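User: Hi! Could you walk me through this one? I'd like to start with the ligand site.
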Amino acid sequence: MPITTTPKIWMNGSLVDWADAKVHVLTHTLHYGTGTFEGIRAYETDKGPAIFRLTDHIKRLHNSAQILGMPMPYSVDELVAATKETVRSTGLQSCYVRPIAYYGYGEMGLNTLPCKVDVAIACWPWGAFLGDDALEKGVRAKISSWTRHDHNIMPPAAKTVGNYVNSSLAKVEALKAGYDEAIMLAPNGLVAECTGENIFVVRNGKILTPPLSAGALEGITQNSVMTIAKDLGFDIRVDNIARSDLYIAEEIFVCGTAAEVGSVREVDNRPVPCPGPMTMAIGQAYRRAVRGQDKKYAHWCELAK
Ligand code: PPE
């Protein structure tokens, strides 16, 4: 999806003009994929732009760096403040926010120990990833021929730049085959997640979502959806899902910061009832929550001011 420019990008402690936010072609992470990033959204609320679960996202960025053994030069509090400053500088009421920590210019070779870590935060307006009507209309998904990373190959719990080669291969394969999204299986055949979303499957009235051990990122939207679903009185739990569960599911939905909550109406050309009642209730509650329209979840909306 094309990028719409905004005035400033935060780089290593200061806001620079969008056009000046550049890196050298010998930037370490460009060659080895060793960085880590986050995807966050700011939404318009009555009180001004609010960044949804900002602190939790920045904590996950720190955790990803910890998994990679990458020293993070800024604390969680510093990056929370920097993200708010960047969002404010855009003048936008709502936007996508992309913090990235990467090994910069100055060293080459696989040893990251001598490399300096650079951090940048950019914001731009971005529509819902699977389309604004993905909740109501649903998307067509395909089991990918690409397997999700094994924990001992690329840790899926870290949102590592290089991990997304796997997601990108699966996404493009699915699109070229005429589908909207790919569902990735772990090396043991269990369902892991989608290329940029967590997945939920309704079976026998219960909502299931795969655990980190099955190769899923611990999604912040996944976590929000679990809270919302419990508050709605649904039986929702983290549990393993087999491929067959997908084919006989009562409902399937996916969720992520960029995608929000989207229904799945078909897996491998097998229809899935869509839009499902639980999916709709959760998706609509999520839409209200991110905009600060539900007091119960007001603490998730961290004001940019
Ligand atoms: N799994 C993967 C692989 C993933 O990339 C994301 C987010 C999620 C699950 C959901 O996580 P969360 O956003 O915390 O609920 N994907 C981000 C990047 C998407 C992109 O294509 O770029 C996002 O949604 O911002």
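Analyst: Happy to. A polar contact here is a pair of N or O atoms within 3.5 Å. Please keep in mind that this is a predicted model.

User: Got it. So how far is the ligand's nitrogen atom from an N or O atom in the side chain of Glu193?
Analyst: That distance is 2.5 Å. The protein covers 93% of the 550 Å² of accessible area that the ligand has on its own.

User: Which side chains sit across from an oxygen atom of the ligand?
Analyst: Tyr96 has a side-chain N or O atom 2.5 Å from a ligand oxygen, and for Arg98 the distance is 3.0 Å.

User: How many residues surround the ligand, and which are the closest?
Analyst: There are 21 around the ligand, the closest being Tyr96, Tyr164, Glu193, Thr221 and Thr257. Helix H2 (54-68), strand S6 (95-103) and H6 each give at least two residues to that shell.

User: Tell me about H6. Which of its residues are buried?
Analyst: Ile220, Thr221, Gln222, Ser224, Val225, Met226, Ile228 and Ala229 are buried there.

User: And what span should helix H6 have?
Analyst: Its twelve residues, 220-231, should span 16 Å at 1.5 Å a residue, and the end C-alpha atoms are 17 Å apart, which agrees. After H6 comes Gly233, with a positive phi near 90 degrees.

User: Switching to the surface: which residues make the nonpolar patch?
Analyst: Val25, Leu26, Leu30, Tyr32, Tyr105, Met108 and Leu110 make a patch of about 730 Å².

User: Why does Tyr32 count as partly exposed?
Analyst: Because its relative accessibility is 32%, and partly exposed runs from 20% to 50%. Tyr32 is in helix H1 (residues 28-32).

Technical notes:
Residues numbered from 1 in each chain as written. Predicted model: local features only at pLDDT ≥ 70, side-chain atom pairs only at ≥ 80, totals over all residues. Heavy atoms only, no water. Patch = residues over 30% accessible without salt bridge, like charges linked within 9 Å, V, L, I, M, F, W, Y side chains within 5 Å. Areas by Shrake-Rupley, 256 points an atom, 1.4 Å probe, with all protein chains shown as cover. Salt bridge = Lys/Arg side-chain N within 4 Å of Asp/Glu carboxyl O. Helix = DSSP H or I, 4+ residues; strand = E, 2+ residues; numbered from the N terminus. Buried < 20%, exposed > 50% of the residue type's maximum accessible area, 1.4 Å probe, protein only. Expected span 1.5 Å × (residues − 1). Near = heavy atom within 4 Å. Polar contact = N/O pair within 3.5 Å; in protein donor to acceptor, adjacent residues only side chain to side chain.
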